[in-house]
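The exercises below are meant to be worked with the sequence and the coordinates open side by side. Try each task before reading the solution that follows it.

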Amino acid sequence: MFKWRNLPKGFLMGIVELVPGVSSGTMALLLGIYDQFLGAISRIVSKYYKQALAFLLPLVIGMAIAILTMSSLLNYFLQNHTIPTQWFFMGMVLGVIPMMIRISNVKAEFRIIHFILIFAGIAILFIMSMFNEDALPASNAGMAAGDLLKYFITGALAASMMLLPGISGSLVMLIMGVYPIVIYAINEFTSLNFTVLPILISIGLGIVTGVLLASKIISHFLKNYTYLTYAAIIGLLFGSVFAIYPGLPASGTSWFLSVILFLSGLFISYIFGKQQNKNDMP
């Protein structure tokens, strides 16, 4: 029997997954279903698939409703207020770090190897940001075989990361330069423009692949290399700021909006993090 009480939980997970910062994994923690969520995904290809589907399907429907209904709003802000929106995303990402530091028990658990992992994560994303070319407008998104392969790989990576507490799939898409394209494609699809279907199918297949392949791996790392995994996440969160940073605002109004939105993003993520403290980590 499907657990339809999970539908609103899925809707909340879909909303936070749209915004780079708080991950659906973190939201699952806040809702007290993280263990069940990860376990159900890992059992989807086992003899217990019926129970797994009964748990997951309402969550997936709720997430889909959130993504389809909220994408147009995000697309508007990305197209018309790019810099303030990106500053909001930076605030959301940085606001998650205090939560990760707390659950990582840094003072007691971290050794040199953990700090090496943090700096490695920062360095990798800093180098990636140095080689990032200026992105074309999302409406000019390519649909050649190479582009579709990139969307597939990005979808797989994003799905893998969204299962982790602390780092969202949309943040991975933003780092890879695919996030505005995905938001644009979803918005166009809901407006009955089906020419974007190749983009959505490529991303969707990547997400399904990533979820099915990553759930067992992530469970293994969280169980056996918990604090090393947390250290890697912290490094990626810090380093992702370089990939997200859109430049300085060009006017006084833009400066004001960017600072207000940055602080708002920090506050929202920080509050989510404080709420998480009431739940046990897996």
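**Exercise 1.** In which helix is the place of Thr229? Determine also whether Thr229 is buried or exposed, and identify its surroundings.

*Solution.* The model is a predicted one, and the first step is to locate the residue: Thr229 has its place in helix H12, which covers residues 226-244. The second step is to turn to accessibility, where the relative value for Thr229 is 11%; since buried means under 20%, Thr229 counts as buried. The third step is to look for a polar partner, and here a polar atom of the Thr229 side chain lies 2.8 Å from the backbone oxygen of Tyr225. The last step is to list the residues that Thr229 touches when those up to four places away in sequence are not counted, and these are Leu164, Phe221 and Leu222.

**Exercise 2.** Describe the largest nonpolar core, and state which helix gives the largest share of it.

*Solution.* The largest nonpolar core has 73 residues, and those with the most contacts inside it are Met13, Phe37, Phe89, Met100, Tyr179 and Leu237. The largest share of this core comes from helix H5 (residues 82-104), which supplies 11 residues. As general background, nonpolar side chains in soluble globular proteins tend to be buried together. One of the residues with the most contacts in the core, Phe37, is also among the buried residues of H3, together with Tyr34, Leu38, Gly39, Ala40, Ile41 and Ser42. Because seven of the nine residues of helix H3 (residues 34-42) are buried, this helix is largely enclosed by the rest of the structure.

**Exercise 3.** Which residues make the nonpolar surface patch of about 680 Å², and how accessible is Ile61?

*Solution.* The patch is made by Phe2, Trp4, Tyr49, Leu53, Leu57, Val60, Ile61 and Ile65. Taking Ile61 as the example, one finds this residue in helix H4 (residues 49-80), and its relative accessibility of 30% means that Ile61 counts as partly exposed. Helix H4 also holds Asn80, which is partly exposed with a relative accessible area of 48%. The side chain of Asn80 reaches the backbone oxygen of Tyr76 at 2.9 Å.

**Exercise 4.** Compare separation along the chain with separation in space for two pairs of residues, starting from Asn80 and Ser170.

*Solution.* For the first pair, Asn80 and Arg102 are 22 residues apart along the chain, and their C-alpha atoms are separated by 37 Å. For the second pair, Ser170 and Pro20 are 150 residues apart in sequence, whereas their C-alpha atoms are 5.0 Å apart in space. Ser170 lies in helix H9 (residues 169-175) and is buried, with a relative accessible area of 3%. Leaving aside residues up to four places away in sequence, Ser170 touches Glu17, Leu18, Val19, Pro20 and Tyr179.

**Exercise 5.** What is the sign of phi in Asn105 and in Leu192, and where do these residues lie?

*Solution.* The background is that most residues other than glycine have a negative phi. Asn105 has a positive phi near 50°, and its place is in the loop between H5 and helix H6 (106-109). Leu192 likewise has a positive phi, near 70°, and is found in the loop between helix H10 (179-190) and helix H11 (197-224). As to accessibility, Asn105 is partly exposed at 35%, while Leu192 is exposed at 64%.

Note on methods: Residues numbered from 1 in each chain as written. Predicted model: local features only at pLDDT ≥ 70, side-chain atom pairs only at ≥ 80, totals over all residues. Heavy atoms only, no water. Core = buried A, V, L, I, M, F, W, Y, C linked by side-chain atoms within 4.5 Å. Buried < 20%, exposed > 50% of the residue type's maximum accessible area, 1.4 Å probe, protein only. Helix = DSSP H or I, 4+ residues; strand = E, 2+ residues; numbered from the N terminus. Patch = residues over 30% accessible without salt bridge, like charges linked within 9 Å, V, L, I, M, F, W, Y side chains within 5 Å. Areas by Shrake-Rupley, 256 points an atom, 1.4 Å probe, with all protein chains shown as cover. Salt bridge = Lys/Arg side-chain N within 4 Å of Asp/Glu carboxyl O. Polar contact = N/O pair within 3.5 Å; in protein donor to acceptor, adjacent residues only side chain to side chain. Contact = heavy atoms within 4.5 Å.
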